[in-house]
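The following exercises are to be solved with the sequence and the structure at hand. Each task is followed by a solution in steps.

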Amino acid sequence: MTVLSIVILSYNTKDLTVKCIELVIRQYRKELERGEFEVIVVDNASSDASASAISNIKNQISNIKLIENEKNLGFAKGCNIGERAAKGRYMLFLNSDTEVRDRGFLKMMEFLEKNEKVGVLGGKLLNIDGSPQPSAGKFYTLFNLFLMLLGIENFLGIRKSPNKTSRVDWVSGGCMMIKKNLFERLSGFDEKFFMYIEDMELCYRANKLGFLTYFYPDVKVLHKELGSGNRDFAIINIYKGISYFYSKHKSGIEYIIAKFLLVAKAAFLIFIGVIGRSRGLKERYEKALKFSL
């Protein structure tokens, strides 16, 4: 019986994705061969021969599945497609630019098994140099959003990487474990998020149903950030995601204030870009405004 389904989304990260899968196999070969684990790779129409490389691995070991989308559907929708093909009691969403270095997923499942009210569990992500990567945090209330836009969220614990197992508001989708029945009850990730913020929003909805989110540090997963994206793409989609989150979950006045904060930061950085003759900075935040208004 399949206990854990590991869903990896792939988009033009062939070498990173192949290495990610190979390291999962290295740590969990026995579980894969016994059918207790499965790896489901969802390729979002990569143009770098990712699907072919993944197929070569799939043919060498059992319980590796590949789903090929005809176009790039984004993170949220791609993960939902992977989940619908999954058989495991637990789901683990794992970024393609991660490297699994221990067998901590077994302990994460054990933690969820023993704690019925915990619905979502995030694993500790590390930078390539081994330093902790802030991969959990507090929901973006207006005050927390203000701190985030000032760029000081990490210093004040809005985003963090606890050293012990801790209750948090949300965890990163880069290494997120969730009970499959809860994921289905939540109807998965909200597909209106293309990428970014969807992990926080899923934890927010789980919290509204009375389920807790915890951060679990006793697992070692290296994460190369922006392995399948770039800074412009990230900022634009974070702006869009925050705007949508507030329109969906908050009052009208909170939504208006959040939009004001987003516009104020963008306008300030556009001004800095103009006077500093930084065309890239100016255009980046002009796009962010355009796509979030």
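**Exercise 1.** Which backbone nitrogen does the side chain of Asn 44 reach?

*Solution.* The model is a predicted one. Begin with the position in the chain: Asn 44 lies in the loop between strand S2 (37-43) and helix H2 (50-58). From this loop, the side chain of Asn 44 reaches the backbone nitrogen of Leu 73 at 3.3 Å. Next, consider side-chain partners: Asn 44 and Asn 69 are joined through their side chains by a polar contact of 2.8 Å. Finally, examine accessibility. Buried means under 20% relative accessible area; Asn 44, with a value of 1%, is therefore buried. Leaving aside residues up to four places away in sequence, the residues that Asn 44 touches include Leu 9, Ser 10, Tyr 11 and Gly 74.

**Exercise 2.** Determine how helices H5 and H9 are oriented and what makes up their contact.

*Solution.* Helix H5 (residues 142-150) packs on helix H9 (residues 252-275) at an angle of about 5°, and their axes are 10 Å apart. Angles under 35 degrees count as roughly parallel, so H5 and H9 are roughly parallel to each other. H5 contributes Leu 142, Leu 145, Phe 146 and Leu 149 to the contact, while H9 contributes Glu 254, Ile 257, Ala 258, Leu 261, Leu 262 and Lys 265. Classified by type, the contact residues comprise eight nonpolar, no polar and two charged.

**Exercise 3.** Which strands stand at the edges of the open sheet S8-S7-S10?

*Solution.* The order of the three strands is S8-S7-S10, with antiparallel pairing. Strands S8 (159-160) and S10 (170-171) each have a single partner strand, so they stand at the edges. Between S7 (residues 136-137) and S8 there are two bridges; in one pairing, Gly 137 has Arg 159 of S8 as its bridge partner.

Note on methods: Residues are numbered from 1 along each chain as its sequence is written. This is a predicted model: local features need pLDDT of at least 70, side-chain atom pairs count only at pLDDT 80 or more; totals for chains, interfaces and linings use all residues. Side-chain values use heavy atoms; hydrogens and water are left out. Axes are lines fitted to C-alpha atoms, for helices over the stretch in contact, and angles run from 0 to 180 degrees between N-to-C directions. Helices (H or I, at least four residues) and strands (E, at least two) are DSSP runs, numbered from the N terminus. Angles under 35 degrees count as roughly parallel, over 145 as roughly antiparallel, 65 to 115 as roughly perpendicular and the rest as oblique. Contact means heavy atoms within 4.5 Å. Ala, Val, Leu, Ile, Met, Phe, Trp, Tyr, Cys and Pro count as nonpolar, Asp, Glu, Lys and Arg as charged, and the others, Gly among them, as polar. Two strands pair if DSSP finds at least two bridges between them. Buried means under 20% relative accessible area, exposed over 50%, partly exposed in between (1.4 Å probe, protein chains only). A polar contact is a pair of N or O atoms within 3.5 Å; within protein, one must be able to donate a hydrogen and the other to accept it, and residues adjacent in sequence count only if both atoms are side-chain atoms.
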